[in-house]
Each structure stands twice: as structure tokens, then as C-alpha cells.
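User: Hi! I'd like to understand how the words people use for protein structures follow from the numbers. Could you take me through this one?

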Amino acid sequence: MAEVKNSAPPRGGGWTRFVTARPRLTLLVALVITALSVLAGSGVADRMGSGGWQDPDAESTYATKVLEREFPASQPNLLLLVDAGKTGVDAPAVAAEAARLAERLDAEPGVTGVGSYWTTKSPALRSEDGRQAVIAARIQGEEKAAGETLERIAPEFRGAHGPVEVSLGGPVAVQHEMQTIIQEDLLRAEMIALPITLVLLVMVFGSAVAALLPLGVGIVAILGTNAVLRGLTEFTDVSVFAMNLTTALGLGLAIDYALFIVRRFREELDAGADTRTAVATTLRTAGRTVLFSALTVAVSLAAMMVFPQYFLRSFAYAGIAVVLLAATAALTLLPAALLLLGPRVNALDLRKLFRRKGAGSGEAAGSGKAAGAGWARAATLVMRRAPVFAVATIVGLVLLGLPFLNVSLGTADDRQLPVGSESRVVQDALRHDFPGSPGGALTVLAEGRATPAQYADYRERIDALPGTVRVDGPLVQGTDAYFTVLADGEAVGPEAKALVDELRAEPAPFETSVTGTAAVLTDSQDAIAERLPWALGIIVVVTLVLVFLLTGSVLIPVQAVVLNALSLTAMFGAMVWVFQEGHLSGLLGFTSTGDIETTLPVLMFCVAFGLSMDYGVFLLSRIKEEYDATGDHEHSVRFGLSRTGGLITAAAVILAVVMVAIGTSRVTNTKMLGLGIALAVLMDAMVVRSLLVPSVMKLTGRLTWWAPGPLRRLHDRFGISEGGETISAPAADSADSADSADGAASGREKVPAGT
């Protein structure tokens, strides 16, 4: 027996009464909290870091910290590129000026380990043409403190000094410049996204008043999240990259949720409901779907908490905060505003300028009867040829994802920055004009007492390892020492990574720890590989449970996970084809390094999977609602797509606009994040939800809603229900009876199959 919804008027629940009891007070409190959030979140970007790719508990991290403390000159993070031009770096006047610069740098507070070509005569610190040389130093302190020191001393050393020109580079300069560029790019992205989003919302809603509501919810979510992140910086490291996700999800999800709620509210008004009843029905139906959707997105983002890298954890902090705040604003401020506006939500209908006299009143794109009939016809066509559409779509998505099989994971470096940035220019000069591979050397830390003979024997053995070009050292201080090992090939190439494993496996009469670029990458990849099954398990299990609670079906949750994963194939394929292999690099303005930063696939999967579930929940909830009311499987699929197809497409286009605005960043990783997720949400909305979901549901038929008896009873007790009363009606399947329906005010009509 299927449960069919009674047409009794909806009863306002406790939450409805709470948020609508004093709407003006609710909005006033929200305004005060938002103003406080502006104050609390001010300057948040200045307190964030631009690193966080390393595992803090890894061997390489431990070795780096010990070397920084005991041998600061072994870990320089500031490089002064001294350009003498045609005079040459060996000219007496140039050498004297370089000595003065090094002396001044050594006298700066917070700077240690100063060395230069002129004091060491190391050929690695002199360009091959003799025009440039390097002064190296270490700025002490954590990332934020080092950045502040750099800001203080940079103006004193940058520029012309007698016969030389000085530019600043090194890891601390790269990170500081990246942080500055990200902040500038984020502001530009917001300036691009906000007006375009407003125009699109006006096109979707028609009404300028209705279009402003989602933007208001998004702004509240973004400002609130900035305040949360500002508080977190007092206790833990937070990546500045997370600011981009805050803006993207704050606008994107707020617009999704507001679109869904405002659209349902207007449906109820059009069906003849009074304002309070329309708000109550909207919260009881669309409101519960929004809450459920927010939980699924938050879980996908929370899975990044299992990784040790603070780069990934930062996106979890920002994502969870912005999702929950967007949902909270949509479920509190929006109903209060709708209650006060009532039918005036349709005011300032700008589409009247283009509408023929007597045309319909301000329905959202895809939500009017004509548009809904168009989506119904599309669903009918797809279900009529379900095997063809299912197979063709799956094959197409798999083919788009094939380039990802050739993914090469690496580490981020200065080439993320635009070509003309100062620190990038310095690193490019070191990379192309100096001997060796800058940053490519490995360092072996030796702890414990040893004799000179033991050090010499160990040096001979590691010098004989495959892939070793040269070994320098040891440099001994007390009971500690270190060796510098230059690997063959690129800094993070396969030879260097293999040498890391060989060095760690080589026996020694003292404790050894290996660090360097290749060692950091190896440890980071190991940490991700170790925890990735846990993250995927959390996402899959929680998604299965939540979708079961929504639908009461055993098959639909499995379909949701598989189809969501398929929707991401184009994103992963494009990630490799465009950013790793360098296609379109000239058009998009980035430098391909031949690999993808190790953490980015994990980040993009979690974000894109959560957003895909967001659209999936909107569609499934409406299909489920109609199926509970009619017991007609094909009609319910057709009805759900007719009511949400335009809505989901509009939401996806708007979110894609926001992500593309983020993708205009001059930092390659941010560009990849923005453009990749934009592609993923468009593929999900326009291909998976429009073609794959209806064709697969047609193929599974009434089995779609099956669940064994114990699980049906579990769903009856704990499943997500829309409230209201149900009555029994004959049905040919054993679907459970979640109380999910439209209510009498919705004006449900049968969607014709043949139109």
C-alpha cells in the first residue's frame, strides 16, 4: 500500500511558528548579527596562511623544523637575486655592494642564516652567465610572522642599490605574494559575480524584489563565515584559499536555497493560499529539503577534516560554516521576509516590459506551465528511449574522464603565480639561469653521536645510491649533522621520489630523517592515500543514510552516489587535459607544470560531490513528494523534473557564474578550482539530472522505491517527513509511506506524458 497525501490544510509546526511569530524582530536581530560579523571578520585574510600542503606529523616536517632550529642556513626561505648586468657579479664594486646588503640583512631582527655567493663562492649561487648571484637567508617564525617580517624589510632591499638591482624571491616571498594576489582576485571576482548574479536572478524571478532575497541570504552567509574563520585563526592555521570557497558557496548555496524556497512560496500564492499558509507549506516542504540538502553538502565538506594538511582542513572549516549559515539564513530570515512581503514578493516585475498583455505573472524560468511542460516532454522523451539515453550518457561521461587516468600528482610552486610577479621572476631566473634544480636538493638530518669515520662511510653509501648526483656535507653541530643530496632530474620527478625512499631505507649508525621538496610530496601523498578511504567512506555512508531517510528506498541512495560520481568525470578529465597537459594555457593565462597539486583532486571531489547532492536532493524530494501522493512512478519522475528542471538549471548557471568569476584568478590552483567546479555543476544539472536520472529511474521502474520490511519500518519511524496526514490507497509496489506531499494549496495537476 502506498500512502497518498490528504488534502487537509497544512498545520504550522513549531519551527514555522518560531520564525514567523515576530518577523520584524527576526530581521532586526539578523541585521545586528550581520553588522557584528562585519566587525568580527575584518582583516581575516591577513591572518591566514598560503601553505598547508604538508603533513604536520610527517618525517619531512620534523626534519625541516629541526634544521630550521639548529641549522637555519640549511633552510633559506628568502632569496635576494642580485643583478649586476653586464658588469658581472665578480666586479669589486658589485662584491662590495653585495657585502653591504648581506650585512644589513643579517642585522635585521628575525633574520638569520645569511649567506651569499660572495662569501661561499658556491657555483650554485651564481648564474651561468655571471650576471646574477644570490644572497640567501632565513626569516624566522611561523608563516604569519615571517610574512610580517618580509613586509617590513622588503622595501629596504627591493630595487636599485648602486651598481646592482635586487629582487626578492624564495618560499616566504612566494607565499606572501600569493596571499596578496588571492585577496585582490577575490575582490575582483565578487565585483564580477554580484552584478551578473543579480541580472540572472531578475531573469529567473522576473521580480526585482524576489531577486534581491537570495543575494541578501548569500551576503549574510559570507559575512558570518568570515567571522567564524577569523575566530578559528586564533586557534589553528587557516588557508587563505578557503576565502574563495566562502564566496563561491556563500553565494551559490544561498541562491540555491532561496530559489527553492521563494519558488515554492510563489507557487503556493498562485494556487490561492494566504501568505501565512504559503510560508507554512513552504517551510514544511521546501524548507525541509533545504535543511536536508545542507546536511548532505556539509558532510561532503566535513570529510576533509580527516586529512592532516591544514589546506584541506581549512576548506572544511569554511565549507561547513558557510553551508550551515546559508541554510540558517534561508530558513529564518527568508520566511520572515516573505511573511512581511506577501504578494509583494512579485513586485517590480521587470519582465512586464517584454511580456505581451495578459501573459502570466512572474513565474521563474522553468517554473511556468509552458516551461514545466517543456521539461515534462523532455522527461517523456528520455524515458521512452531510456536504454539509449542511459548508455550514451554513461559512455560519454566515462570518455570525458579518461584523461584523469594519466594524472601526475605533484606539489605547488611559484609557477602558480602570474609570469610577471616578482617572486615568480626570481624563481624563473634560478630555474633557467642557475646550475642545478632550485629547491630540488634533499636534506638528510643525522641525530646522535657519530665519529668522522661513520659520517664518511654513510656519505659514501648514499653517494652510491641510484639517482644521486652529488652529496655535500656533513655539517656537524654538537650531536646533530646534515647532508645535502642533489637528485637527478626534476625536483619532484620520479628519480627524486625514488631517492627519498632509498635514503630512508639506508641503514645508519644514527637516526636519520629526510626532507626536501620530493620528501614533502611523498609524505603528503602517503598521508592522503592513508586517509582517503576514510573520507570516501564517510561521504558514501552518510549519503546513503540521508538519502534513504529522504526516500525510504534502498536503490535510490545507491543511484545517487553512483550518478553523482559520474557527474564529476568531466571535471577530473578537464583537470588533467587542461591544467596538467597545458591545453588552453595561453587562453586561460597559466603555466602548466606537468602535474596537479596533490590535495586539489580531493578538495574538488568533496566540493563538487556535495554540490551535486544539493541538486539531487532538490529533484528527488519533488519526485518523492509526488510519488507519495499518486503512487505513479513515471508520472512522479516527469512531475519532479517539470517542477525542478528549470530551477536546478538556473541555480547551476548562477553558481557556475560565481565559480567562473573565482576562476579568473591569476593563481593557477584557484583558477583550476573555480573553472573545474563550474564545469562539474553544469554537467550535473544539464546532463545527469536531465538525462541520466530519468532514464535510470525508468529502467529501475517501481523497484526504485523498494525496501525490505525492517528498513521500511525504520523509515516510517525515523524518515524525513513533510508532516500532514496520510490516507491509504492501493499501490502496486511496496514503497514506504513517508509523509511527503504538496498540500492542497499547491494545485497539483497531472503532467501529461505525451505533451
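Analyst: Happy to! Let's begin with pairing: two strands pair if DSSP finds at least two bridges between them. In strand 10, for instance, Val485 is the bridge partner of Leu442. Keep in mind that this is a predicted model.

User: How do you know that strand 8 and strand 10 pair?

Analyst: The cut-off is at least two bridges, and strand 8 and strand 10 are joined over six bridges, in the antiparallel sense. So they count as a pair, because the bridges reach the cut-off.

User: And what makes strand 9 and strand 10 partners?

Analyst: The same test, with at least two bridges needed. Seven bridges join strand 9 to strand 10, and the two run antiparallel. One of the bridge partnerships is Val476 with Ala481 of strand 10. In the hairpin of these strands, two residues lie between them, and Gly478 takes a positive phi near 65 degrees.

User: Why are strand 9 and strand 11 said to stand at the edges?

Analyst: Look at the order of the open sheet: 9-10-8-11, with antiparallel pairing. Strand 9 (468–477) and strand 11 (511–516) each have a single partner strand, so one side of each has no neighbour in the sheet. For strand 11, six bridges join it to strand 8 (residues 442–447), and Thr515 of strand 11 is the bridge partner of Thr443.

User: What makes strand 10 "largely enclosed"?

Analyst: A residue is buried under 20% relative accessible area. Seven of the eight residues of strand 10 are buried, so the rest of the structure largely encloses it.

User: Which helices lie across these strands?

Analyst: Helix 15 (residues 452–463) lies across strands 8, 9, 10 and 11, at about 160 degrees to strand 9. Helix 16 (residues 494–505) lies across those four strands too, at about 10 degrees to strand 8.

User: Why is helix 17 called roughly perpendicular to helix 24?

Analyst: Helix 17 (residues 517–551) and helix 24 (residues 709–718) pack at an angle of about 80 degrees, with axes 9 Å apart. Roughly perpendicular covers 65 to 115 degrees, so helix 17 earns that description relative to helix 24. Among the residues making the contact are Phe548 of helix 17 and Phe718 of helix 24. By class, the contact has six nonpolar, two polar and no charged residues.

User: How do you know that the length of helix 14 agrees with expectation?

Analyst: At 1.5 Å a residue, its twelve residues should span 16 Å, and the end C-alpha atoms are 16 Å apart, so the values agree.

Terms used: Residues are numbered from 1 along each chain as its sequence is written. This is a predicted model: local features need pLDDT of at least 70, side-chain atom pairs count only at pLDDT 80 or more; totals for chains, interfaces and linings use all residues. Side-chain values use heavy atoms; hydrogens and water are left out. Axes are lines fitted to C-alpha atoms, for helices over the stretch in contact, and angles run from 0 to 180 degrees between N-to-C directions. Angles under 35 degrees count as roughly parallel, over 145 as roughly antiparallel, 65 to 115 as roughly perpendicular and the rest as oblique. Contact means heavy atoms within 4.5 Å. Ala, Val, Leu, Ile, Met, Phe, Trp, Tyr, Cys and Pro count as nonpolar, Asp, Glu, Lys and Arg as charged, and the others, Gly among them, as polar. The expected span of a helix is 1.5 Å times one less than its number of residues. Buried means under 20% relative accessible area, exposed over 50%, partly exposed in between (1.4 Å probe, protein chains only).
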